[in-house]
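Visitor: I am new to this structure and would like a close look at a single part of it, with enough of the surroundings to place that part. Could you take me there step by step?

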Amino acid sequence: MLEGSVSHPLALGPTEEIDYLARQQRLTFARIGITDPLSIDDYRAHSGFCGLEAALQREPQDIVEEVKASGLRGRGGAAFPTGIKWQTVLDTPADQKYIVCNADEGDSGTFADRLAMECDPYMLIEGMTIAGLAVEATQGYIYLRSEYPLAKQVLDEAIARAEQAGYLGDNLCGSGRTFHLEVRLGAGAYICGEETSLLESLEGKRGLVRFKPPLPAIEGLFGRPTVVNNVLSLAAVPFILAEGAEAYANHGMGRSWGTLALQLAGNVKRGGLVELAFGTTLRTLMEEFGGGTLTGKPLRAVQVGGPLCAYPKASGTCRWIMKPSPRSAQAWATAA
Ligand SMILES: Cc1cc2nc3c(=O)[nH]c(=O)nc-3n(C[C@H](O)[C@H](O)[C@H](O)COP(=O)(O)O)c2cc1C
């Protein structure tokens, strides 16, 4: 628990003693609410940079294999396998490659990317650095929506501290390997969350969608091979490298491995972020974690994926699985 937080009037007590938090399967959000976001010592004391240290001992292809074996799929919406995207960038020869983090988080009601960046910025920095080592990219950009001024402040400070501590820059942990990182602010256009318009915007142009092919993995930022990944996809990587692909893949069901950050909003008693392995039923999520409706009326409908998505078929066994559609699984409860 953060020092001094016990005396805060809104403090609820130690995280591990709060049932709602203790019953979650927090892999990505494990440190949140526990560590001081900007303290490198705190981050290290809670397994921080272990993934990077492991990655520095391995060949690029080995790192890509580990990510492939974890079954990690992009959390930005299309659920594309992250390891396969990285393989394409690794296999494409170029004098310069890039890692771009999509932190545009434009969908109404979503906030998981923001929480990860504001509360555990080194996790994203570490994930992007590992991605750089995996595909041989030496420059990264976080494309951050301009509506997130606190995230910008936290990330800028965390990048400066990580550089000073040797976790970013020209000599990562004394290895002689290089990775630089910068935050770039978006200009408030929803379409800039789409990866090719994002790249246009990052290049200083108007955010218009590019034709595909070529894929960004082959011709991306400034025409160079580029990994474009969502914040949560990159944030999952340190755990995978530190604990091994199997530890990640042991969560979930079917072809959906790992955990998902579920964002509850609307007429729900306990809105907020819940991290659970794929396979949890919608009823468990809404009743046990969301606490039912705020108004106390019966739960009649849940919109999965937020305003852009559909209503699932009414059934007590509807489970979260990875489908190419909801960018961030989010539920809206409506009580009739
Ligand atoms: C209109 C539109 C908006 C999008 N907005 C976002 C966004 O805000 N954040 C995001 O990560 N992906 C967004 N995407 C998906 C990205 O194009 C891309 O698939 C994603 O960044 C890839 O990362 P991933 O493989 O880690 O999911 C959007 C796609 C479309 C078509």
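Guide: Helices (H or I, at least four residues) and strands (E, at least two) are DSSP runs, numbered from the N terminus. By that reckoning the chain holds twelve helices and ten strands. Its radius of gyration, taken over C-alpha atoms, is 19 Å, close to the 20 Å that the globule rule (2.2 Å times the number of residues to the power 0.38) gives for 336 residues, so the chain is as compact as a globular protein of that length. This is a predicted model, in which local features need pLDDT of at least 70 and side-chain atom pairs count only at pLDDT 80 or more, while totals for chains, interfaces and linings use all residues. Residues are numbered from 1 along each chain as its sequence is written, and side-chain values use heavy atoms, with hydrogens and water left out.

The part to look at closely is lysine 297, which sits in the loop between helix H12 (282–289) and strand S9 (299–304). Residues count as buried under 20% relative accessible area, exposed over 50% and partly exposed in between (1.4 Å probe, protein chains only). Because its relative accessibility is 45%, lysine 297 counts as partly exposed, in a chain where 51% of the 336 residues count as buried. Asparagine 267 is 30 residues away from lysine 297 along the chain, and the C-alpha atoms of the two are separated by 9.7 Å. As a frame for this view, the C-alpha trace of the chain spans about 60 × 50 × 35 Å along its principal axes.
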